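Here are a few exercises to work through with the structure open beside you. Try each task before you read its solution.

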Amino acid sequence: MLWLIDLDGVVWRYTTLIEGSDDGIALVRSAGDPIRFVTNNSTLTRAQYVEKLAGMGIAAAEEEIITSGMALARCINPGERVLGIGEDGLLDELKAAKCELVVPRSLEDAMQAETVALGWYRKFSYVDMSNACVAIRNGARFLATNQDPTYPLESLIVPGTGALVASVIASTGVTPEYAGKPGAAMVDLVKELAGESTLMIGDRLTTDGTFAKLLGVDFAWVASGIEEEPDASIPVSIKAPNLLEAVRTRLGQGR
Ligand SMILES: [Mg+2]
């Protein structure tokens, strides 16, 4: 079977491994099953994710990493003028999509963009917000990596991409197309891999759970990240405190 595993709030909280997640992944590996790490966090490149996982004792290949930056890049046409606002992970995927990145020195420059691509950006400024807003008011498409309003640090919750997106919505009245979970671009990207027996493990019902539902695969909801209220419209196959227990439960069911 295929295992789709979220990273933030499931494998780690920011830079700290969630206890047992390395053992959980090792159990899946020893069962010989394929894994894809599916994250809405577009800050790191695939290579940087491999490095971060390795630093926590989890071996992974770049091909196993799927980010919201990759999903967003699927919506971009070669040669399209794109105002990319985000970190390495998003900008690298935009470059790989062969678009023309707009690097504005003025609001007039920003208005040259045909598309605004916004991801989590921890240096997001009023200038970035203004560039995005004038471009969108000028008719640019608005794409965002994800809607997650929060991000789980080790013990605190900080604003996520959704909070940045909300500032642009407030000023333009335009809602973006979201590429990451549970957006259509990510569903299409992962649909090619998902088979009859697939389990998505995530901490967010609204993103991971809805994503699993749209993919038509089972969902394991873990409590190691963001806490959310249950929602009867989103099916949950396994409810577990963490990744390790979710893996044990599924393997115990004979997969
Ligand atoms: Mg998560």
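## Exercise 1: Helix 4 and its two sides

K98, just after helix 4, takes a positive phi of about 60 degrees. Keep in mind that this is a predicted model.

**Task.** Find the buried residues of helix 4 and work out which elements cover them.

**Solution.**

Step 1. Start with the cut-off: a residue is called buried when its relative accessible area is under 20%. In helix 4, the buried residues are G89, L90, E93 and L94.

Step 2. Look down the axis of helix 4: these buried residues fall within an arc of 130 degrees, so they line one face of the helix. The general rule is a helpful companion here: an α-helix has 3.6 residues a turn, so residues three or four places apart point the same way.

Step 3. Turn to the other side of helix 4, where K95 and A96 are exposed.

Step 4. Now see what covers the buried residues. The cover includes helix 2 (46–55) and helix 3 (68–73), along with strand 6, strand 7 and strand 8.

## Exercise 2: The five-stranded sheet

**Task.** In what order do the five strands of the open sheet come, and which strands stand at the edges?

**Solution.**

Step 1. Begin with strand 6 (residues 81–85) and strand 7 (residues 100–101), which run parallel and are joined by two bridges. Here V82 stands opposite L101 in strand 7. Between these strands the chain passes through helix 4 (residues 88–96), and the β-α-β crossover is right-handed.

Step 2. Next, pair strand 6 with strand 8 (residues 115–118): four bridges join them, and they run parallel. You can check two positions by eye: L83 stands opposite V116, and G84 stands opposite A117.

Step 3. Put the sheet together. The five strands come in the order 7-6-8-9-12, the sheet is open, and the pairing is parallel. Strand 7 and strand 12 (177–178) are at the edges with a single partner strand each, so one side of each has no neighbour in the sheet.

Step 4. Add the helices that pack here. Helix 4 lies across strand 6, strand 7 and strand 8, and runs at about 165 degrees to strand 6. Helix 6 (residues 126–137) also packs on the sheet, where it touches strand 6, strand 8 and strand 9 (141–144). The direction of helix 6 makes about 150 degrees with that of strand 6.

## Exercise 3: The magnesium site

**Task.** Which residues coordinate the magnesium ion, and where along the chain do D6 and D203 lie?

**Solution.**

Step 1. List the donors: D6 (OD), D8 (O) and D203 (OD) coordinate the magnesium ion at 2.1 to 2.2 Å. Along the chain, the donors follow the spacing D-x1-D-x194-D.

Step 2. Place D6 and D203. D6 sits in the loop between strand 1 (2–5) and strand 2 (12–13), and D203 in the loop between strand 13 (198–202) and helix 9 (205–215), so the pair ties together parts that are 197 residues apart in sequence.

Step 3. Place D8, which lies in the loop between strand 1 and strand 2. D8 and D203 are 195 residues apart in sequence, while their C-alpha atoms are 8.2 Å apart in space. Apart from neighbours within four places in sequence, D8 is in contact with T39, N41, Y151 and D203.

Step 4. Check the burial of each donor. The relative accessible area is 5% for D6 and 2% for D203, and D8 counts as buried at 11%.

## Exercise 4: Around helix 9

**Task.** What unit do strand 13, helix 9 and strand 14 make, and is T207 buried or exposed?

**Solution.**

Step 1. Follow the chain: strand 13, helix 9 and strand 14 make a right-handed β-α-β unit. Strand 13 and strand 14 pair in the parallel sense over four bridges, and F219 in strand 14 is the bridge partner of M200.

Step 2. Look at strand 14 (residues 218–222) itself. Four of its five residues are buried, so strand 14 is largely enclosed by the rest of the structure. Three bridges join strand 14 to strand 15 (residues 238–240), and these two run parallel. V222 has A240 in strand 15 as its bridge partner.

Step 3. Go back to helix 9 and find T207 there. With 7% relative accessibility, T207 counts as buried. Leaving out residues up to four places away in sequence, T207 touches N40, D148, K181 and P182.

Notes:
Residues numbered from 1 in each chain as written. Predicted model: local features only at pLDDT ≥ 70, side-chain atom pairs only at ≥ 80, totals over all residues. Heavy atoms only, no water. Donors = N, O, S within 2.8 Å, 3.2 Å for Na, K, Ca; no water. Buried < 20%, exposed > 50% of the residue type's maximum accessible area, 1.4 Å probe, protein only. Contact = heavy atoms within 4.5 Å. Pairing = 2+ DSSP bridges. Right-handed = clockwise from strand over helix to strand, strands pointing away. Arc of directions from axis to C-beta. Axes fitted to C-alpha atoms, helices over the stretch in contact; angles between N-to-C directions.
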